[in-house]
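Visitor: I would like to go through this structure with you, beginning with its surface. May we look at it together?
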Amino acid sequence: MSDEQAIVRIVTDAARNRFIVAVFAVVLVSAALYFGRIVLEPIAFMLFTMALVEPFQKAAEARFGKTVALILTILLTLLVIMILVGAIVWSISDIIHWGLANVERFQSLYARTSLWLQEKDLFVGDVESLGSFSFASVFQTIAVYVNSLMGFALLVFLFLAFGLAEMDEFKSKLIAVDKKMSGWSLLETSGRIAQKIRKYMLIRTLASAVTGLAVFIFTLAIGLDLAVAWGVISFVLNYIPYVGPLVAVVLPVIFATAQFESWQMAAIIFGSLYLIQFVIGNYVEPILTGNALAISPFVMLFAFLIWDFLWGMPGAFIGLPVTIALFTIWEQNPSTRWIANLMSTSVTAPDTQFTKTSGV
């Protein structure tokens, strides 16, 4: 074997070994995220919330001092959480109460649909197999999920209270670590992550508010019951990419079919709600976003599916902010910038300079 062949073999073996190590690392990290989701989910939401409230805490600290700023930030966060959770609970409770009061309509809808499918040889089943108790159990299951949401929100708030209290100490640790590093700054990276997450949430909130308002106006004008609830549900579910808007369209259509007992009306409502989601999701939101995040849509969809698999519904919500954080880390670290370039819709300059700041 010649020297050139030996060098090529050594390089090939090294590349193969690195690939195997990378695969094992991905598998181990994924397993840790999956089995540790009970602890990691609230921590991820805590860091996410800290990034959102950090500007308010800084402004309050400059005016009132650290202690008062901490108290005001915690109270503001608690108020926002209570408003959001309260709106969700009220809307779902309203929907559940309407559904329980109109169980016969849903049972009749199921019977008619089953008969139609049987006539088309698409479904064979007992049309009487789904009684009122089955519908009631569905609504009761939803109520259980609502209670679980309230408990999760309380846990995140407790984590957040301790995290905000130790934010200054954490910054000091990052500064100490930065002094020993070269090439990139953890403090600078954390600041950029927080900035991108705030921009993402601002855009998402504006799009969600427009969607919820449009759904409320349309359902109210067409005479569909629970117009306020559908507006709130559309606003909340729009934070969950891909699946959320779909559920926000299908769910009102099911209730509309039971209320109006007309497939023509259901088709009109479906087309109108889908048009609202399509226009806002595919035109308004991209215009607001621009190149702010610069992450490939395919990567965003893949990230959504991965985080939904690992953490379920909380992962579907927090998955894109976590992906934004990972993208920013890879973008600023010279050794992993090539990964960010593959994920991005634009190429990051290889000679980009990073300066250290005091923000998070």
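Visitor: Which residues make the nonpolar surface patch?
Guide: This is a predicted model. In it, Phe56, Phe64, Val68, Ile71, Leu72, Leu75, Leu76, Leu79, Val80, Ile83 and Leu84 form a nonpolar surface patch of about 930 Å².

Visitor: And which elements give two or more residues to that patch?
Guide: Those elements are helix 2, spanning 37-64, and helix 3, spanning 66-101. Helix 3 provides the largest share, with 9 residues.

Visitor: Take Val80. Where is it found?
Guide: Val80 lies in helix 3.

Visitor: How does Val80 count in terms of exposure?
Guide: Val80 has a relative accessibility of 40%. It counts as partly exposed because this class lies between the buried limit, under 20%, and the exposed limit, over 50%.

Visitor: Turning to the whole chain, what share of the residues is buried?
Guide: Of the 360 residues in the chain, 39% are buried.

Visitor: How many helices and strands are there?
Guide: The chain contains 12 helices and 0 strands. Read from the N terminus, the order of elements is α-α-α-α-α-α-α-α-α-α-α-α.

Visitor: Now helix 8 and helix 9. At what angle do their axes cross?
Guide: The axes of helix 8 (residues 227-237) and helix 9 (residues 243-260) cross at roughly 160 degrees and come within 8 Å.

Visitor: Are they roughly parallel or roughly antiparallel?
Guide: Angles over 145 degrees count as roughly antiparallel, and helix 8 and helix 9 are therefore roughly antiparallel to each other.

Visitor: Is the crossing left-handed or right-handed?
Guide: The crossing of helix 8 with helix 9 is right-handed.

Methods
Residues numbered from 1 in each chain as written. Predicted model: local features only at pLDDT ≥ 70, side-chain atom pairs only at ≥ 80, totals over all residues. Heavy atoms only, no water. Patch = residues over 30% accessible without salt bridge, like charges linked within 9 Å, V, L, I, M, F, W, Y side chains within 5 Å. Areas by Shrake-Rupley, 256 points an atom, 1.4 Å probe, with all protein chains shown as cover. Salt bridge = Lys/Arg side-chain N within 4 Å of Asp/Glu carboxyl O. Helix = DSSP H or I, 4+ residues; strand = E, 2+ residues; numbered from the N terminus. Buried < 20%, exposed > 50% of the residue type's maximum accessible area, 1.4 Å probe, protein only. Axes fitted to C-alpha atoms, helices over the stretch in contact; angles between N-to-C directions. Parallel < 35°, antiparallel > 145°, perpendicular 65-115°, else oblique. Left-handed = near helix turned anticlockwise from the far one by under 90°.
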